[in-house]
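Biologist: Could you take me through one part of this protein slowly, as you would for someone in their first year? I would like a close look at the sheet, and then at the pockets.

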Amino acid sequence: MTVVVATTNQYKLVEIRRILAGVPFAIDAISDHVDIAAPAETGTTFAENARLKALHYAAAVPHLTVAEDSGLEIDRLNGAPGIHSARFPGATYQDKFDRIYTQLHARGVHSSPARFVCAVALVKSREVVFEATGTIEGEIAETPSGAGGFGYDPIFFYQPYGCTLAELTAERKATVSHRGKAFNLLRTFLLERATT
């Protein structure tokens, strides 16, 4: 049995494979099966985008297919970058960080409550059979810190651990992160499915 992970982001793929370790399914990348263009992310929520991506890729492979949509919501920026996190202006993530800090400073603040959100959708035979959402609450660090993780992790400060997500080991991050929470729910679903 196979689950195809519909992402071209290798960092996400590594995280997802780590979280799903031990399920009785092969965890394949979409690129292992087909070369297909990504769909336009026209949804207005993370859940809508996860669903449309899963359905798009599932139409091209004869396996269970999972997709996720995730991003950073910053309260003082009215929820931006939100569903546009990956497409937020900036050639590098440092450029994106600089833009976020510039926008925060323009509002007279150096930080803000924020959260990461991850929505997951699993499709079988062109039907969504499982959905879940995971979140983690934190705040924007006053300066980026940490060399681990990826994406916005260096500017996301997680108060219970007193550090950014980029300062955590991959294993510790997975226990609290948005992606860890959402894919652990999927992991439970797959384990139950395998025994029924």
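Modeller: Here is a walk along the sheet, followed by the pockets. The model is predicted, so to speak: local features need pLDDT of at least 70, side-chain atom pairs count only at pLDDT 80 or more, and totals for chains, interfaces and linings use all residues. Residues are numbered from 1 along each chain as its sequence is written, and side-chain values use heavy atoms, with hydrogens and water left out.

Let's begin with the sheet. It is open, has 7 strands in the order β2-β1-β3-β4-β5-β6-β7, and its pairing is mixed. Strands here are DSSP runs of E with at least two residues, helices are runs of H or I with at least four, and both are numbered from the N terminus. Two strands pair if DSSP finds at least two bridges between them. At the edges are β2 and β7 (163–164), each of which pairs on one side only.

Start from the β2 edge. Strand β1 (residues 2–5) and strand β2 (residues 26–29) run parallel and are joined by 4 bridges, with Val4 opposite Asp28 in β2. Together, β1, α1 and β2 make a right-handed β-α-β unit; right-handed means that, with the strands pointing away from the viewer, the path from the first strand over the helix to the second runs clockwise.

Further along, β3 and β4 are antiparallel and share 10 bridges; here Ile74 stands opposite Ala114 in β4. Strand β4 (residues 113–124) is largely enclosed by the rest of the structure, because 10 of its 12 residues are buried. Buried means under 20% relative accessible area, exposed means over 50%, and partly exposed lies in between (1.4 Å probe, protein chains only).

On to the next pair: β4 and strand β5 (residues 127–140) are antiparallel over 12 bridges, and Ala119 has Thr133 in β5 as its bridge partner. These two strands form a hairpin with 2 residues between them, and Ser125 in the turn has a positive phi of about 50°. At the β7 edge, strand β6 (residues 156–158) joins β7 through 2 bridges, running antiparallel, and Phe157 is partnered with Thr164 in β7.

Now for the pockets. A pocket is found on a 1 Å grid over the protein atoms alone, as an open set of points where a 1.4 Å probe fits, with protein on both sides within 12 Å along at least five of seven lines; lining residues have an atom within 4 Å of a point. The largest pocket has a volume of about 550 Å³, where volume is the space filled by probe spheres set on points joined across faces, edges and corners. Its lining has 28 residues, of which Asn9, Lys12, Glu68, Ser70 and Ala86 lie nearest the centre. The elements giving two or more residues to that lining are α1 (10–19), α2 (46–58), β3 (64–74) and α5, and β3 provides the largest share, 4 residues. By class, this lining divides into 11 nonpolar, 8 polar and 9 charged residues. Ala, Val, Leu, Ile, Met, Phe, Trp, Tyr, Cys and Pro count as nonpolar, Asp, Glu, Lys and Arg as charged, and the others, Gly among them, as polar.

The second largest pocket has a volume of about 160 Å³. It is lined by 13 residues, and Glu15, Arg18, Gly149, Phe150 and Ala170 lie nearest its centre.
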